[in-house]
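Subject: Structure handover

Hello,

Please find the structure below. My notes on it come after.

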Amino acid sequence: MYKAIIVDDENRSVETLSSIIYLFCSTEVEVIGTANSIQEAYQLIQEKSPDIVFLDVEMPHGSGFDLLEKFTNPKFEVIFTTGFDHYAVTAIKFSALDYLLKPINIEELKQAIGKAKERIEKKNSQQNFDHLIQNLKNPRDKSNKIPLPILNGFQFVPVNNIIYCEADEDYTHIYLNDNTKITVSKSIKDFEDLLANYDFFRIHHSFLVNRDYIKRYTKGEGGTITTEQGTELPVSRRRKSEFLEWLSNI
């Protein structure tokens, strides 16, 4: 049984999440306390030493991220909750942490708890928290690292090391500037969403390319781009106009 606390400034949200956990996850998680502010949450964590903190992103007088910065070495896992799908969600994804959009979906809650349990067993979330704070402070910095799921966890790779991504059904091949290729069990659409603010463009249904590595565009029905490493990639006809407009906006 894992001990959890809920941090949210809205009492209704606290009550709803508590009820859902009790009804559908009570064999795994017990809610041992709730807090409505960052300060209350900080004191509660110190007193109760929870395993999991359900943490609202936006609250009066500070955000959930401000709470995390109070801990130099957190001993708990975090599942963020938010009513908004915005920049903070991208930062959370970049950090290999979990979030739930309100209203809470029961299946998504179960999955998030399952992932939190895995992170508790592996005791590797300090790196995730560090990446989260870094990504929030510098949301468009290409030195930020993206988590690539591998067999026993995540490999964090700087965005500026990625040349392009290639779709392969439900998998994506990530090509790096050190001539290595990493294959992950995520769709290219996941990476398109994740890298949207980092100058990547989906030139074809199979290819997502980093602007920094485009050396040349060659005209054609759709045309092709050549990377700095000499790789030629096709541009689809239907994406051509949007791509050329994007390419000209430096």
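The notes below cover confidence, one sheet, one helix and one loop residue.

This is a predicted model, in which local features need pLDDT of at least 70 and side-chain atom pairs count only at pLDDT 80 or more, while totals for chains, interfaces and linings use all residues. Residues are numbered from 1 along each chain as its sequence is written, and side-chain values use heavy atoms, with hydrogens and water left out.

Confidence. The average pLDDT (the predictor's confidence in each residue, from 0 to 100) is 89 for the chain, and 94% of the residues score at least 70. Helices (H or I, at least four residues) and strands (E, at least two) are DSSP runs, numbered from the N terminus. Among these elements, strand 14 (residues 207-210) has the highest mean pLDDT, 98, and helix 6 (residues 125-137) the lowest, 70. Where pLDDT is low, the predicted coordinates should not be read in detail.

The sheet. Three strands make up an open sheet, in the order 15-16-17, with antiparallel pairing; two strands pair if DSSP finds at least two bridges between them. Strand 15 (214-218) and strand 17 (232-234) are the edge strands, each pairing on one side only. On average, neighbouring strands of this sheet are turned by 25° against each other, direction ignored. Axes here are lines fitted to C-alpha atoms, for helices over the stretch in contact, and angles run from 0 to 180 degrees between N-to-C directions. Helix 8 (residues 240-248) packs on the sheet and touches strand 15 and strand 16, contact meaning heavy atoms within 4.5 Å. The direction of helix 8 makes about 135° with that of strand 15. Strand 16 (residues 224-227) is joined to strand 17 by three bridges, and Ile225 has Leu233 in strand 17 as its bridge partner.

Helix 2. In helix 2 (residues 38-48), the buried residues (under 20% relative accessible area, 1.4 Å probe, protein chains only; exposed is over 50%, partly exposed in between) are Ile38, Ala41, Leu44 and Ile45. Seen down the helix axis, they fall within an arc of 125°, so they line one face of helix 2; the arc is that of the directions from the helix axis to the C-beta atoms. Their cover includes strand 1 (2-7), strand 2 (29-35) and helix 3 (64-68). Ser49, just after helix 2, takes a positive phi of about 50°.

Asp178. This residue sits in the loop between strand 11 (171-176) and strand 12 (181-184). Asp178 counts as partly exposed because its relative accessibility is 48%.

Regards
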